[in-house]
Amino acid sequence: MVQFLSMDGKLHVPDEWAQYGEYLNRLTEADYLKFYRDMARIRRFDNEATALQRQGQLGLWIPAIGQEAAQIGSGYGVGPNDHIFPSYREHGVALTHGIDLMSILKMLRGVNHGGWNPDETRFHLYAIVLGSQVLHATGYAMGVNFDGNVATGNPDVDQAVITYFGDGATAEGDVSEGLLFAAINKTPQVFFCQNNQWAISSSTASQTTVPLFRRGEGFGVNGVRIDGNDVLASYAVTAKHMDDARNGLGPYFIEALTYRIGAHTTSDDPTKYRSNEEVDYWKARDPLKRLEIFLREQGVGQVFFDDVAASGDALAEEIRLATFALANPPFENMFNHVYSEPHPLIEEQMAWLENYEGSFEDEGHLAHQTTAIQVVETPDVIQVNNEGGAA
Amino acid sequence: MSNFVEMPIAKAINAGLRQAMALDPKVLLFGEDIAELGGVFRVTEGILNQFGPTRIMNSPIAESGIVGTAIGLAMRGYRPVVEMQFDGFIFPAFDQITTQLAKMQNRSEGFLKMPVVIRVPYGGGIGAVEHHSESPEAYFAHTPGLRVVSPSNPNDAYWMIQQAIASNDPVMFFEPKRRYWQKGPVNLDTPPMPLHAARVLREGNSATIACYGPMVTVALQAAEIAAEEGIHLEVIDIRSLSPIDFTTIVESVKKTGRLVVASEASNFVSVSSEIAARVAEQAFYHLEAPVLRVGGFDVPYPPAKLEELFLPDADRILEAVDRILAY
């Protein structure tokens with residue numbers, strides 16, 4: 001397992017991982033601070049989103065607490081021309097590529113199903129059907145090959161693709177087919193598996209008998225396991241294999257061993273299937289804490305950490321107010337993009353709904369839409385705090 | 001003066017594919033055994049020689065992978081045309097088609113286009129083993145975000161495949177496999193009509209037969225036989241199963257007052273059912289008799305020795321015509 005930053009914040013590059021360690025030389029002090037700042041900000045965002053869900057402002061929240069190093073590190077390992085195909089928990093990766101985090105909250109409030117522009121952001125839409133995005137990434141990477149955007153040596157031309165998925169998704173056939181199509185087509189692609197050890201209530205042991213980083217071997221896609229709670233390993237290994245992919249060396253599989261500290265979603269109750277001892281074990285391996293220890297030992301002072309905390313609180317305040325201000329979508333949104341080209345059934349039904357709603361005059365439903373969010377009863381076991389997230 | 005060429009449906013699809021590929025370098029073909037072999041039905045025969053291996057490729061035998069990667073290629077700006085080897089082999093791709101392909105434009109609020117065509121040889125009558133004779137079109141017609149079409153003759157095959165490829169929406173292209181080698185004239189200059197328009201193939205005033213794909217030939221036979229008895233059937237080739245050109249069907253029913261809808265697909269919750277419901281809504285006062293559906297039975301497609309009993313023939317259509325004329 002590739003690890004550069006131990007849980008007590010010590011940096012060490014073992015000889016066997018020197019090829020990855022070289023990538024740390026690319027980092028400046030500012031990058032280390034950026035890693036920490038983003039990890040802390042996305043955790044603060046995550047906690048705020050959980051609170052917003054508990055207050056009925058979001059229909060659902062999908063916490064990623066504990067996975068910040070895997071996401072921020074790998075996100076910064078992805079180049080400015082590369083494309084990212086996330087699953088549905090990659091809020092940290094989104095942050096590293098400038099996605100407006102409100103786009104994610106909008107979706108979870110029920111305003112839309114995504115709606116950001118994947119061409120412009122290079123960060124594709126969240127995929128809720130497990131593993132489905134792996135094939136889209138592979139097809140996209142096949143297109144990168146067909147377009148000749150691989151191994152030209154020109155950094156403005158060469159591109160690679162990264163796809164994120166979890167341990168649970170590896171059981172889906174689409175992930176295996178994605179590996180096969182990638183190998184056959186030698187796509188410029190990284191398969192980034194965040195093994196957070198729980199697929200809702202199913203443990204990794206119920207998903208695989210062979211370590212996941214070896215899943216690609218039979219297809220011809222080699223893999224490596226990294227300490228997913230080490231942001232430096234996550235950055236370096238991702239950057240290296242994205243470079244290799246851009247340079248025409250084909251696909252690679254990265255398993256980031258991490259842990260989902262929080263619930264699967266706010267509808268989940270992890271106390272039913274895992275022990276407090278296990279969660280405590282992983283809290284001790286918190287990705288932020290070890291980077292904080294490291295930075296403090298490097299002489300980074302309290303002023304920085306105070307500033308990060310204040311910036312996180314400001315972000316939380318900002319998204320809270322922006323969530324309150326989110327308007328319900330106009331009814332046309334339900335119809336407008338089902339097809340690109342005119343479709344008589346859609347036009348007929350949209351006109352009917354408009355007419356029907358209009359027939360209520362003062363009571364018109366469209367004019368008085370109630371909030372799309374229903375406060376549902378959920379297990380009262382997930383308490384929000386600003387330290388370790390939902391626990 | 002238009003340039004007419006006689007060719008069978010399979011060759012017309014082949015010619016249409018080549019035309020689309022020549023016009024747009026982003027059109028790519030892939031599927032199982034479609035390159036050197038030309039597909040199990042030889043529909044893509046010779047395309048490899050003309051366009052080379054960067055434009056037409058064999059895929060691993062993984063239908064979900066074929067459709068899933070086609071989606072990714074469409075995101076990259078390509079216009080993939082993929083082949084499902086047989087109707088009964090489409091189901092491993094059902095998830096990618098219904099949860100991803102059909103919904104991607106809506107999910108992205110229009111930022112993404114999905115110009116993917118899925119070619120599906122469908123229907124029975126070829127004496128095949130299980131899973132090689134099915135008519136699964138209703139599953140896809142029921143799925144918002146997809147377009148579903150089926151040509152019945154070479155001219156439509158030639159033009160409809162090109163129109164499907166030109167569409168920015170995903171199109172399920174159902175090819176009547178038992179009619180692949182049925183010949184007819186193809187007008188190489190002018191498309192006959194828009195992709196989603198139905199066509200009145202034969203005019204009549206006694207009753208309307210609405211049908212599509214492989215059943216069109218059967219309905220025309222029925223109309224010939226009926227004409228000898230002085231019964232004049234109007235035959236409509238629906239051509240598009242989603243959306244459906246209800247206007248053409250309803251106008252015909254307003255004239256004839258009677259409708260039979262014929263398909264190889266089982267009747268229960270079918271395209272035929274939708275047409276019957278719509279006609280009841282839109283032509284109620286014009287109907288002289290209930291709308292009848294003539295289709296496959298609601299059983300798994302039978303072994304080859306029983307398929308003649310399963311598939312509606314001209315007599316089955318005429319039996320239904322007799323019943324609606326008796327009202």
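**Packing and chain contacts in a predicted two-chain model**

B:Pro243 sits in the loop between strand E12 (240-242) and helix H9 (246-256) of chain B, where helices (H or I, at least four residues) and strands (E, at least two) are DSSP runs numbered from the N terminus. The bond between B:Ser242 and B:Pro243 is a cis peptide, with omega about -5 degrees. Chain A has a backbone oddity too: A:Arg122, although not a glycine, has a positive phi, near 65 degrees. A:Arg122 is found in the loop between H6 and H7 of chain A.

The model is predicted, so to speak of local features a pLDDT of at least 70 is needed, side-chain atom pairs count only at pLDDT 80 or more, and totals for chains, interfaces and linings use all residues. Residues are numbered from 1 along each chain as its sequence is written, while chains are lettered from A and ligands numbered from 1 in the order in which they are written. As for confidence, the model scores ipTM 0.97 and pTM 0.95. In chain B the mean pLDDT (the predictor's confidence in each residue, from 0 to 100) is 98, and 100% of the residues reach 70 or more. Chain A averages 93, with 92% of its residues scoring at least 70. The weak stretch is residues 370-391 of chain A, where pLDDT stays under 50. For that stretch the model has 41 contacts beyond four places in sequence, a contact being two residues whose C-beta atoms, placed from the backbone, lie within 7 Å. Where pLDDT is low, the predicted coordinates should not be read in detail.

Next, the domains, whose bounds come from an automatic or database domain assignment. Chain A splits into domain 1 (15-324) and domain 2 (333-368), and the C-alpha centres of these two lie 39 Å apart. Chain B is assigned domain 1 (4-187) and domain 2 (199-325), with 26 Å between their C-alpha centres. The contact between the two domains of chain B draws 23 residues from domain 1 and 21 residues from domain 2. On the domain 1 side, helix H6 (137-141), strand E6 (147-149) and strand E7 (171-176) of chain B each contribute at least two residues. That side is made up of nine nonpolar, eight polar and six charged residues. Here Ala, Val, Leu, Ile, Met, Phe, Trp, Tyr, Cys and Pro count as nonpolar, Asp, Glu, Lys and Arg as charged, and the others, Gly among them, as polar.

Where the chains meet, 34 residues of chain A are in contact with 33 residues of chain B. On the side of chain A, at least two residues each come from helix H6 (118-121), helix H7 (132-146), helix H8 (173-185) and helix H14 (344-358). H7(A) gives the largest share, ten residues. Sorted by class, this side of chain A has 15 nonpolar, 15 polar and four charged residues.

Now for the helix pairs. Two packed helices are described by the angle between their axes and the distance between the axes. The axes are lines fitted to C-alpha atoms, for helices over the stretch in contact, and angles run from 0 to 180 degrees between N-to-C directions. In chain A, the axes of helix H5 (residues 101-109) and helix H12 (residues 302-324) come within 11 Å and cross at roughly 45 degrees. H5(A) and H12(A) are therefore oblique to each other; angles under 35 degrees count as roughly parallel, over 145 as roughly antiparallel, 65 to 115 as roughly perpendicular and the rest as oblique. Their crossing is right-handed, in that the near helix is turned clockwise from the far one by less than a right angle (anticlockwise would be left-handed). A:Leu101, A:Met102, A:Leu105 and A:Arg109 of H5(A) face A:Ile319, A:Ala322 and A:Thr323 of H12(A) in this contact. Five of these residues are nonpolar, one is polar and one is charged.

Helix H2 (residues 29-54) and helix H3 (residues 68-77) of chain A have axes that come within 10 Å and cross at roughly 130 degrees. H2(A) and H3(A) are therefore oblique to each other as well, and the crossing of H2(A) and H3(A) is right-handed. H2(A) brings A:Phe35, A:Asp38, A:Met39, A:Ile42 and A:Arg43 to the contact, and H3(A) brings A:Glu68, A:Ala69, A:Ile72, A:Gly73 and A:Tyr76.

In chain B, helix H3 (residues 63-75) and helix H4 (residues 94-101) pack at about 25 degrees, with axes 7 Å apart, and H3(B) and H4(B) are therefore roughly parallel.
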